[in-house]
Structure formats: structure tokens, C-alpha cells
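Colleague: I have a pile of "how do you know that" questions about this protein. Can we look at it together?

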Amino acid sequence: MFNIERNGEEHRNLSYNDINCVGCGICTDICPTSSLRLGPIVPVARGLIEMDLVSIKEDSCVFCGLCSIACPFDALSMSVDGEYIKNIASYPIWNKESVVDDEECMYCSKCYNICPSDAILFERNLPNPADLVRGEIEINEEDCIYCSFCADMCPAEAIKIKNIPISSVDKLNNFIDVDTSKCIFCGVCKMVCPENAIKQICSTCMLNEEIEVPEITGNVMILEDLCVYCSWCSEVCPVDAIDITKPFDGTLELVESEEKICKGDSCHACQDVCPCNAVSIVDGKSVTDLSFCNLCGACVKACPQDIRILTRTDLNLENINSESWNDILTSILVGK
């Protein structure tokens, strides 16, 4: 991480957060003074070395803010007199977003479990099972021989038993307990008890009309400063409650030749650096699922064979008022 500043007519500050960086190299490609440098993204991704993916030469940086604007993942942040330039009306802004429809979300947790960048906060509130399942259960410890049949057969794992071998003299060391918060009063324990030491009554069915329909509530929030816009969440959502607008449109192809071929399992650099988990090795070759690819280009930078061809056809960046900035920013459309 770095944080540099310049004082003049304006106070400008440029900071870099490695946590948000995906190693795409867009910032290093467009920097007009070549002040930014992309580090060894493959060894870093593999955990072989620990260092920032991007470094800066402070003496040559002119604080133009291009890198901050061009970074779709908010790894670079430029502020002018304390205000983030992406909030200043005269600067370009990305038309990208990750939105959860709270009314449609059913709190299934699929998005939370699959997010490759841990960008989703998830909370689910379930009703107390004891309010939905009702009954009575009692164990007569005078008749109980602590055989553990009931505990072994309990489908809800609600019975705990301490079973001393028969050779033990002190029977008082035996212990049996039923956790009624887990018990579903199914009667299995009663059926398997060889000594008829268990009494059980299930009243759930009899009182079914009195039991309220269980309400499941929760909250799902996507942290846009961590989101890599891979679309895994929207793809797995069973109720289409998540909408992702990616920063780029385009294609990514693997173009081999006689001299240069994909090494697949023996290399897998593309798979290691992909922030979206969009790359797989299939039949010894790298395969990218564009449904989950954000076209960042990190895999292109990582490929030692130089056979991954990225073509960005659209840049979802608005409000580019300067012709020179337009020329530089639209150069991102060329993947290499």
C-alpha cells in the first residue's frame, strides 16, 4: 500500500489499497508518466512472495488522477482537497454496479458462499425450532441401562449419553440427557429402547394450526469497493435478485500457434491470478468462462506464452470531458 500527496493550489492525495487490486495492470498501461509499475502477479497470487501488486515512483507522478479513474476496482484513490475525484462532477465515472433486490432476496446464502472476493455481507435470521416443533419426552433413568441405542439412532443428535462399561461398579457415573431444543419428538428413541425407559409424545401435528408460518429474515449487502463484478452471485441466485453491471464488454480468446501453446496443468498462471475464478484447466488447456470473467486482463499479463488475446469492445465509463483523457482512457479497449 502507498499513500502520497502534493501541496500547491490544491492538495492532492493518491493512495493505493492492495486488497482491492486484481493485478490487471490497467493503471500501469495508461499512466502518462510511467510512474506506476506492475509487480510479479503470479508469485504473489501463489503466495510465494508478499508484496504490493503495484508500486509507484513518487518523484515522477504528476497526480493527474488517470489511474484512479481508470481503475474499475477502486484500488487507486485520488482526492482533491479531501474530496474523492470519482465524486467530483467534472471527472469521469464508471457505470458499473452490484445491486441486490431486497424484496426478491430469499436469504439462501448462495451468493455469499460463492463470492470469490468476499465482497458480500450476509445475515440470516431463522425462527427458533422449539417454536415450530412441540412435544414431550421423558427418560426413566431407573429403567435405563445406558445402552446408547437412543443416542446412536437419534436423527437430530439430541441425545447425549455417558456410557460406563458393564464391568463398572458405580452405575451413578452413567449420564443421559435430551436437548429439547434439538429434539423433533419423532419417537425413534422410544422405538429402539429395549427397556421401554422412554416416554414420548409429539404434539406438533395436533397443534399444527396454532403454529405460525416460520418467517425468515435477513440482510444481503455487496461491498462495491471489494466487488470484482464477476457475476457469480447473480448467476447462482435462484430468484434473480442480484443485478451486476460489468465495467467492460468484450471477448477473451486463447490463440495458439506451433511455437506457442497452452501448458495447461503445468502452468495454470492464468487460473492462479484470475480474481473471478473464471478460468479452469480442461483437457490440459486453459478455458475461460466469460459469464464470470470481468475482462480485467490479469490473466493476459500472467500468461508466459503470450497467447491470451483480450478485446474490450466497450468501456462503461461516462462523463469523459477531455479529449486527451478520452484518448488515453479508450486505449483500455485494446487489451494488450
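Modeller: Sure! Five salt bridges is the count here, and keep in mind that this is a predicted model.

Colleague: What makes the contact between R12 and E10 a salt bridge?

Modeller: The rule asks for a side-chain nitrogen of Lys or Arg within 4 Å of a carboxyl oxygen of Asp or Glu. R12 and E10 come to 3.0 Å, N to O, so the pair passes the 4 Å cut-off.

Colleague: How do you know whether R12 and E10 are buried or exposed?

Modeller: Buried means under 20% relative accessible area, exposed means over 50%, and partly exposed is in between. R12 has 11%, so R12 is buried. E10 has 33%, so E10 is partly exposed.

Colleague: Next pair: why is K86 with D74 called a salt bridge?

Modeller: Their closest N and O atoms are 2.8 Å apart, and the limit is 4 Å, so K86 and D74 qualify.

Colleague: What does the pair of K86 and D74 tie together?

Modeller: K86 sits in the loop between β6 (83-84) and β7 (93-94), while D74 sits in the loop between α3 (66-70) and β5 (76-80), so the pair ties together parts that are 12 residues apart in sequence. As for cover, K86 has 10% relative accessibility, so K86 counts as buried. D74 has 22%, which is not under the 20% cut-off, so D74 counts as partly exposed.

Colleague: And what makes E256 and K285 a salt bridge?

Modeller: Here too the closest N and O atoms are 2.8 Å apart, so the 4 Å rule is met. The pair links distant parts of the chain, 29 residues apart: E256 is in the loop between β16 (248-254) and α8 (269-273), and K285 is in strand β18 (residues 285-288). E256 has 34% relative accessibility and counts as partly exposed. K285, at 30%, counts as partly exposed too.

Colleague: Why is the group of D101, D102, E103, E104 and D240 called a negative patch?

Modeller: Asp and Glu count as negative, so the charges are of one kind. To join a patch, residues need over 30% relative accessible area and no salt bridge, and like charges must be within 9 Å. D101, D102, E103, E104 and D240 form such a patch on the surface. D102, for one, is in the loop between β8 (97-100) and α4 (110-114).

Colleague: What makes S109 worth a look?

Modeller: Its phi! Most residues other than glycine have a negative phi. S109 has a positive phi of about 80° although it is not a glycine. S109 is in the loop between β8 and α4, and its relative accessible area is 12%, so S109 is buried. N277 also shows a positive phi, about 55°, without being a glycine. N277 lies in the loop between α8 and β17 (279-282).

Colleague: How do you know how the chain's radius of gyration sits against a compact globule?

Modeller: A compact globule of 336 residues would be near 20 Å, but this chain has 30 Å. The C-alpha atoms fill a box of roughly 90 × 50 × 35 Å along the principal axes. The C-alpha atoms of V62 and N173 are separated by 78 Å. V62 is found in the loop between β4 (54-56) and α3.

Colleague: Last one: what makes up the secondary structure, and how much of the chain is buried?

Modeller: The chain has 10 helices and 20 strands, and buried residues make up 40% of the 336.

Notes. Residues are numbered from 1 along each chain as its sequence is written. This is a predicted model: local features need pLDDT of at least 70, side-chain atom pairs count only at pLDDT 80 or more; totals for chains, interfaces and linings use all residues. Side-chain values use heavy atoms; hydrogens and water are left out. Patches are made of residues with over 30% relative accessible area and no salt bridge: like charges are joined within 9 Å, nonpolar side chains (Val, Leu, Ile, Met, Phe, Trp, Tyr) within 5 Å. Accessible areas come from the Shrake-Rupley method with a 1.4 Å probe; for residues, only the protein chains shown count as cover. The place of a charge is taken as NZ of Lys, CZ of Arg, CG of Asp or CD of Glu. Helices (H or I, at least four residues) and strands (E, at least two) are DSSP runs, numbered from the N terminus. The radius of gyration is taken over C-alpha atoms; the globule rule is 2.2 Å times the number of residues to the power 0.38. Buried means under 20% relative accessible area, exposed over 50%, partly exposed in between (1.4 Å probe, protein chains only).
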